[in-house]
Amino acid sequence: MTSCSNDEVVLYDAEVIGESIDCNNSFLLRFKAIPLGINSIDNIYVGQNLPEAYKVVGKKINVSVRGVNPNNEDEIQPCTTLGPGYAHVFILSVSERN
């Protein structure tokens, strides 16, 4: 995890691990550190707003995230309960990591 002190953007190291079977068009990300103090099973989160270019299993990325806004209907996704209940994060920016 790295941080820029002036604008307080925090970048988290993550890896795309696959498509969510529960939430339409969302991908699961495994983070090295717990983002925003939001706990989830095995540091795996449903990453909402992941650009198409990064929806590749095994892709290592740096992301800035925030919690999902429950008052914004565009950020509330219908999910089934077929798989584990992972916490959701909303992706603000993403870049590929080597």
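## Exercises on a predicted model

N43 is found in the loop between β3 and β4. Strands here are DSSP runs of E with at least two residues, numbered from the N terminus. This is a predicted model, in which local features need pLDDT of at least 70, side-chain atom pairs count only at pLDDT 80 or more, and totals for chains, interfaces and linings use all residues. Residues are numbered from 1 along each chain as its sequence is written, and side-chain values use heavy atoms, leaving out hydrogens and water.

**Exercise 1. Examine the backbone of N43 and L36.**

Step 1: Start with N43, a residue other than glycine, whose phi is positive and near 60°.

Step 2: Move to L36, which sits in the loop between β3 and β4. L36 is not a glycine, yet its phi is positive, at about 60°.

Step 3: Compare with the general rule: most residues other than glycine have a negative phi.

Step 4: Check the surface of L36. With a relative accessible area of 43%, L36 is partly exposed (buried means under 20% relative accessible area, exposed over 50%, partly exposed in between, using a 1.4 Å probe and protein chains only).

**Exercise 2. Find the aromatic pairs and trace what they join.**

Step 1: Search the whole structure; two aromatic pairs turn up. Rings of Phe, Tyr and Trp (its six-membered ring) pair if their centres lie within 6.5 Å; planes under 30 degrees apart count as stacked, over 60 as edge-to-face and the rest as tilted.

Step 2: Take Y12 and F31, an edge-to-face pair with 6.0 Å from centre to centre and 75° between the planes. Y12 belongs to strand β2 (residues 10-19) and F31 to strand β3 (residues 27-31), so this pair ties together parts 19 residues apart in sequence.

Step 3: Add F31 and Y45, also edge-to-face, at 5.2 Å centre to centre and 85° between the planes. This pair links F31 in β3 with Y45 in strand β4 (residues 44-48), 14 residues apart.

Step 4: Put them together: ring pairs link Y12, F31 and Y45 into a cluster. Y12 is buried at 6% relative accessibility, F31 at 3% and Y45 at 0%.

**Exercise 3. Describe the largest nonpolar core.**

Step 1: Define a core as a set of buried Ala, Val, Leu, Ile, Met, Phe, Trp, Tyr and Cys residues joined through side-chain atoms within 4.5 Å.

Step 2: The largest one has 16 residues, and those with the most contacts inside it include L29, F31 and V94.

Step 3: Assign the strands: β2, β3, β5 (60-67) and β6 (87-96) each supply at least two residues. The largest share, four residues, comes from β6.
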